[in-house]
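User: Please take a close look at the salt bridges in this model. Then place them against the pocket and the surface around them.

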Amino acid sequence: DKVVVDMTMMSLRRRRSFLNRFPKHTRKCVVMLPTLETLAFRNEGRYIMEGKHIPSEAFLSMTSAFVMPTLSEGFSSIELAF
């Protein structure tokens with residue numbers, strides 16, 4: 001069986017909670033690394049299309065809390081997407 005988890009998991013602790021649920025699966029990680037400019041552009045588009053706006057402070061807080069995933073966490077591979 002294949003399982004795809006599509007979530008923002010910025011911390012090692014959060015990722016570990018999901019990895020522990022699938023001990024026998026191959027665990028591939030794809031890390032999306034947009035620039036702050038790209039995040040701002042997408043946020044503006046989200047506001048235009050959906051009326052939702054995320055404060056820039058929230059993006060800065062999340063990016064400063066981000067811990068890059070490692071193979072030692074239990075991933076079989078890690079792919080970076082820019």
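Analyst: The salt bridges come first, then the pocket, the surface patch and a few single residues.

This is a predicted model, in which local features need pLDDT of at least 70, side-chain atom pairs count only at pLDDT 80 or more, and totals for chains, interfaces and linings use all residues. Residues are numbered from 1 along each chain as its sequence is written, and side-chain values use heavy atoms, with hydrogens and water left out.

A search of the whole structure finds two salt bridges. The term stands for a side-chain nitrogen of Lys or Arg within 4 Å of a carboxyl oxygen of Asp or Glu. Side chains of opposite charge can pair when their charged atoms come close.

One of the two bridges joins E73 to R15. Their closest N and O atoms are 2.8 Å apart. E73 sits in the loop between α3 (56-65) and β2 (77-81), while R15 belongs to helix α1 (residues 12-19), so the contact ties together parts that are 58 residues apart in sequence. Helices (H or I, at least four residues) and strands (E, at least two) are DSSP runs, numbered from the N terminus. Both E73 and R15 are buried. Buried means under 20% relative accessible area, exposed over 50%, and partly exposed in between (1.4 Å probe, protein chains only).

The other bridge pairs K28 with E79, at 3.5 Å from N to O. K28 lies in strand β1 (residues 28-32) and E79 in strand β2, so this pair ties together parts that are 51 residues apart in sequence. K28 is exposed, at 55% relative accessibility. E79 is partly exposed, with a relative accessible area of 38%. K28 also has S76 in its surroundings: their C-alpha atoms are separated by 5.6 Å, with their positions 48 residues apart along the chain.

Now the pocket. The largest one holds about 1,400 Å³ of space. Its lining counts 38 residues, and the closest to the centre are M7, T8, M9, V30 and M32. A pocket is found on a 1 Å grid over the protein atoms alone, as an open set of points where a 1.4 Å probe fits, with protein on both sides within 12 Å along at least five of seven lines; lining residues have an atom within 4 Å of a point. Grid points are joined across faces, edges and corners, and the volume is the space filled by probe spheres set on the points.

α1, β1, α2 (36-50) and α3 each supply at least two residues of this lining. By type, the lining divides into 24 nonpolar, six polar and eight charged residues. Here Ala, Val, Leu, Ile, Met, Phe, Trp, Tyr, Cys and Pro count as nonpolar, Asp, Glu, Lys and Arg as charged, and the others, Gly among them, as polar.

M7 appears again at the surface. V3, V5 and M7 form a nonpolar patch there, with about 220 Å² of accessible area together. Such a patch takes residues with over 30% relative accessible area and no salt bridge, with nonpolar side chains (Val, Leu, Ile, Met, Phe, Trp, Tyr) joined within 5 Å. The areas come from the Shrake-Rupley method with a 1.4 Å probe. V5 is in the segment before α1. V5 is partly exposed, at 34% relative accessible area.

K2 is in the segment before α1 as well. At 85% relative accessibility, K2 is exposed. K2 and T26 are 9.1 Å apart in space, C-alpha to C-alpha.

Two more residues complete the view. V31 lies in strand β1 and is buried, with a relative accessible area of 6%. From V31 to M10 the C-alpha distance is 9.9 Å, across 21 residues of sequence. R21 is in the loop between α1 and β1 and is exposed, at 56%. The C-alpha atoms of R21 and F75 are separated by 13 Å.

Technical notes: Patch = residues over 30% accessible without salt bridge, like charges linked within 9 Å, V, L, I, M, F, W, Y side chains within 5 Å.
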